Amino acid sequence: MPATVIVGAQWGDEGKGKIVDLLALDSDLVCRYQGGPNAGHTIVVDGETFKIRQIPSGVLRGKICVIGAGCVVDPEVFLTEVDELESRGVSTHLVHLSGEAHLIMAWHVAIDQASERRLGKLQIGTTRRGIGPCYADKAARLGIRVQDLLEPKILRQKIEVALAEKNVWLERVYGVPPLGLEEIAAQLESFAQRIRPYVSDTSLLVDRALQEGRAVLLEGAQGTLLDLDHGTYPFVTSSNTVAGNAATGIGIGPNRIDRVIGIAKAYVTRVGEGPFPTEIEGSDQGRVRELGGEFGTVTGRERRCGWLDLVALRYAVRVNGITSLALTKLDVLSAFAELPVCIAYLQRDGSETRHFPAHQSDFHHARPVWKALPGWEQPLDDASSREGLPDAARAYVEFVEQELEVPVELVGVGAARERVLV
Ligand code: GDP
Ligand code: IMO
Ligand code: MG
């Protein structure tokens, strides 16, 4: 049985959580392959809202959930999430945490915050959850991993070594107070007691499940354009979000994956800084934001809103090998008489391209070439299948399919769990 990757095809917040929650119904395992508590997935179940950051969205369906080696884990956020889910009747006893995943330490959060402040106008607009500094230490081989929690002596030693260096940075470079060794060690030891039962050999677990013919979902966080290598660097996150990293992030072979579902909004949003060619000018941006509830799950920040960008989406199809799309939040567009869609970029030399510019300055200067599609100006509440959509809404979805040469498998028409047309 092959594995399916669910990947964000834009700048994050495409509605991955909700689609994973739907597809989890027919899956046995749901695995996160990268990212950490910078992610925020909102899922609405019977009018109740769940906001999940660290644990895969499949937890709400009672599935086996895996946090893979490619993830970064804030132990405090993880345990708070465990407590919150348990207190709301959602069991976490099927959650498995890779011992190879890296821990977000107090200094990572402190450095993320201090470094953004220092950058001032040049800031990236991170979620300030310590993601970048944690992945940087992983690459520098200074990181502390989940499995270190199982060995108190090693843990203490690693904290000592790392903190000695980090405190120099905090005090001398960023001018903020240093962190106390005893306090951090004691806190981590108490977290360790509670995290221990969740730690597993997740690579083995997933491989066995695949061998036994079970259905496995590999869930990405963030989105393609936030990918460290293929996104809009430096305004990206610090991990590889693309589907290719799903195998690495879990520890299975790439030949296990044969389906890649890209999740895209029927428009686009972006949180944080960085170029955004189809960002809406004028009052329509605020309208989309209000109608779509476009405020960050993690930080509460206003999300920047833009019209659908098919150049960027075509790029996402390419770099992920997307085999089908889920187009979410189509209902949000019901208010507009006309819907501009970006079909190409006008470049500095006056030529047009349908391919995402490889050079940052070309992307920065790219201007959208619009095609105006007719709106439907009626709610989509009555549609229970794609055929039941108003003509113009159906045509909107078909236009995306034709332009990208990829089928749209699912259409989101509301926040509630069941509001997806299959
Ligand atoms: P994720 O990070 O990709 O999981 O997405 P978020 O949860 O951060 O943001 C998506 C938001 O849109 C959430 O508030 C969802 O409840 C909501 N949502 C998802 N799909 C739909 C849809 O089809 N229509 C509407 N109106 N809202 C949706
Ligand atoms: P989900 O999984 C949207 C953005 C931040 C910032 C950049 C770097 O909910 O789609 P980081 O804290 O990762 O170093 O921030 O990435 N960002 C997201 N934007 N959705 C997310 O996750 C995001 N995670 C990070 O706003 O621009
Ligand atoms: Mg989100």
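## Ligand 2 and its contacts

A polar side-chain atom of Thr127 lies 2.6 Å from an oxygen atom of ligand 2, and this is a good place to start exploring. The model you are looking at is predicted. Thr127 is not alone: the backbone also takes part, with a polar atom of Gln222 lying 2.9 Å from an oxygen atom of ligand 2. Gly125 adds another backbone pair, in which a polar atom is 3.3 Å from an oxygen atom of ligand 2. On its own, ligand 2 has 540 Å² of accessible area, and the protein covers 97% of that.

Now step back and look at the whole shell. How many residues surround ligand 2? There are 21, and the closest are Asp13, Lys16, Thr127, Gln222 and Thr237. You met Thr127 and Gln222 above, through their polar atoms. Sorted by class, the shell around ligand 2 holds 10 polar residues, eight nonpolar ones and three charged ones.

## The largest pocket

Which pocket holds ligand 2? Ligand 2 sits in the largest pocket, whose volume is about 880 Å³. A total of 46 residues line this pocket, and those closest to its centre are Ile124, Thr126, Thr127, Val236 and Thr237. Look for Thr127 and Thr237 here, for both are also among the residues closest to ligand 2.

Three helices each give two or more residues to the lining of the largest pocket: H3 (106–119), H4 (131–139) and H5 (152–173). Of the elements, H3 provides the largest share, with seven residues. The lining of the largest pocket is made up of 19 nonpolar, 17 polar and 10 charged residues.

## Ligand 1 and its contacts

Next, turn to ligand 1. Its shell has 18 residues, and the closest are Lys16, Gly17, Gly40, Thr42 and Asp331. Lys16 is worth finding twice, as it is also listed among the residues closest to ligand 2.

Where do polar atoms meet ligand 1? A polar backbone atom of Lys16 is 2.8 Å from an oxygen atom of ligand 1. Gly414 also uses its backbone, with an N or O atom 3.2 Å from a nitrogen atom of ligand 1. Thr297 uses its side chain instead, placing a polar atom 3.4 Å from an oxygen atom of ligand 1. The protein covers 92% of the 580 Å² of accessible area that ligand 1 has on its own.

The shell around ligand 1 contains eight polar, seven charged and three nonpolar residues. Helix H1 (16–23) and strand S3 (41–45) are the elements that give two or more residues to this shell. Which element gives the most? The answer is H1, with three residues.

## The second largest pocket

Ligand 1 takes up the space of the second largest pocket, where about 540 Å³ of space lies. This pocket is lined by 28 residues, and Gly15, Thr42, Arg303, Lys329 and Ala415 lie nearest its centre. Thr42 is a handy landmark, since you can also find this residue among those closest to ligand 1.

H1 and S3 return here: together with helix H9 (283–292), each supplies at least two residues of the lining of the second largest pocket. This time the largest share, four residues, comes from S3. By class, the lining of the second largest pocket has 12 polar, nine charged and seven nonpolar residues.

Key
Residues numbered from 1 in each chain as written. Chains lettered and ligands numbered in written order. Predicted model: local features only at pLDDT ≥ 70, side-chain atom pairs only at ≥ 80, totals over all residues. Heavy atoms only, no water. Near = heavy atom within 4 Å. Polar contact = N/O pair within 3.5 Å; in protein donor to acceptor, adjacent residues only side chain to side chain. Areas by Shrake-Rupley, 256 points an atom, 1.4 Å probe, with all protein chains shown as cover. 1 Å grid on protein atoms, 1.4 Å probe; cavity = no way out; pocket = protein on both sides within 12 Å on 5 of 7 lines; lining within 4 Å. Sits in = over half its atoms within 2 Å of the grid points. Nonpolar A, V, L, I, M, F, W, Y, C, P; charged D, E, K, R; others polar. Points joined across faces, edges and corners; volume = space filled by probe spheres on them.
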